[in-house]
Amino acid sequence: MSFMKGDLLTKTRKLVNGLAKPQPVWLKAMEQAPPATFPRPDGKLKAISLPEDVYIKKFFQKYPVAKGHDAIKISAYDPPPARLFGLRVLELKEQGVPEEEAMAVADMEYRKEKKEKKKAYARLKQIARLQGKKPPPNPYPSAIKERQALERKFVRERFSSPEILKIVEKIKEERRAERFNGAAGGGL
């Protein structure tokens, strides 16, 4: 349908000139004051890239488990660890530190922060035990454990949901029937 390329005005003109459509009332007014046209990009749209993206990729190569952290958490104020790492490297580079050293420092800071979070949670659990209370949930869970916690409800549901139990029974019945038919058919 290459003959129909263009905007609304061009398409309508072609239909009217080809006698495929009667001239609409608004066509003359639109020809006198045509709508604004916006430039279109040539080919593909360019990917948005930030200066720290190079360092974020290197971070993910070193710590692939960190990919599980959501890049965008609407309810969170802190950016994900990978972005913090990239921003810290850029900050150190602006201060004149060579790239390798900046990455080493940012990496050391990341590991130190991770260790501190683990120690803080261990201390929280210890305090809870001393008070005879149930330990609190981990305020710094790994991204994988966060996802598993969200999915746990659905995993447990499969054992108690009546709809799922009906489906399981139906599958068992079909297998029994196949075995019975296979055993009866094989003996002939």
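1. Let's start with Leu19: is this residue buried or exposed? Leu19 is exposed, because its relative accessible area is 77%, and the cut-off for exposed is over 50%. You'll find Leu19 in the loop between helix H1 (8-17) and helix H2 (27-32). There's something else to look at here: the phi of Leu19 is positive, about 60 degrees, although Leu19 is not a glycine. For background, most residues other than glycine have a negative phi.

2. Before you go on, keep in mind that this is a predicted model. The average pLDDT of the protein is 84, and 90% of the residues score at least 70. Which helix has the highest confidence, and which the lowest? Helix H5 (residues 99-131) comes out highest, at a mean of 93, while helix H6 (residues 143-160) comes out lowest, at 81. As a reading habit, where pLDDT is low, the predicted coordinates should not be read in detail.

3. Now for the overall build. The protein has seven helices and zero strands, so if you walk along the chain from the N terminus, the elements read α-α-α-α-α-α-α. Why is the protein described as more spread out than a compact globule? Because its radius of gyration is 32 Å, well over the 16 Å that the globule rule gives for 188 residues. Along the principal axes, the C-alpha trace spans about 85 × 85 × 40 Å.

4. Next, the surface and the inside. Of the 188 residues, 16% count as buried. The protein exposes about 16100 Å², and carbon and sulfur atoms supply 59% of that area. As for contacts between residues at least 6 apart in sequence, 38% of them join residues at least 24 apart.

5. A quick word on charge. There are 41 positive and 24 negative side chains in the protein. The centres of these two sets lie 4 Å apart.

6. Have a look at Asp107, which sits in helix H5. Asp107 is buried, because its relative accessible area is 5% and buried means under 20%. What does Asp107 touch, once residues up to four places away in sequence are set aside? The answer is Lys62, Tyr63 and Phe85.

7. Helix H5 also holds Glu101. Glu101 is partly exposed, with a relative accessible area of 47%. Its C-alpha atom is 8.9 Å from that of Val89, and the two residues are 12 apart along the chain.

8. Arg88 is worth finding too, in helix H4 (residues 81-94). With 23% relative accessibility, Arg88 counts as partly exposed. Leaving out neighbours within four places in sequence, Arg88 is in contact with Ala106 and Glu109. You can also compare Arg88 with Tyr110: they are 22 residues apart along the chain, and their C-alpha atoms are separated by 9.9 Å.

9. Last stop: Pro80, in the loop between helix H3 (53-62) and H4. Is Pro80 buried or exposed? Pro80 is buried, because its relative accessible area is 16%, and buried means under 20%. How far is Pro80 from Gly96 in space? C-alpha to C-alpha, Pro80 and Gly96 are 25 Å apart, with their positions 16 residues apart in sequence as the spacing.

Technical notes:
Residues are numbered from 1 along each chain as its sequence is written. This is a predicted model: local features need pLDDT of at least 70, side-chain atom pairs count only at pLDDT 80 or more; totals for chains, interfaces and linings use all residues. Side-chain values use heavy atoms; hydrogens and water are left out. Helices (H or I, at least four residues) and strands (E, at least two) are DSSP runs, numbered from the N terminus. The radius of gyration is taken over C-alpha atoms; the globule rule is 2.2 Å times the number of residues to the power 0.38. Buried means under 20% relative accessible area, exposed over 50%, partly exposed in between (1.4 Å probe, protein chains only). Contact means heavy atoms within 4.5 Å. Accessible areas come from the Shrake-Rupley method with a 1.4 Å probe; for residues, only the protein chains shown count as cover. Lys and Arg count as positive and Asp and Glu as negative; His and the chain ends are not counted. The place of a charge is taken as NZ of Lys, CZ of Arg, CG of Asp or CD of Glu. pLDDT is the predictor's confidence in each residue, from 0 to 100.
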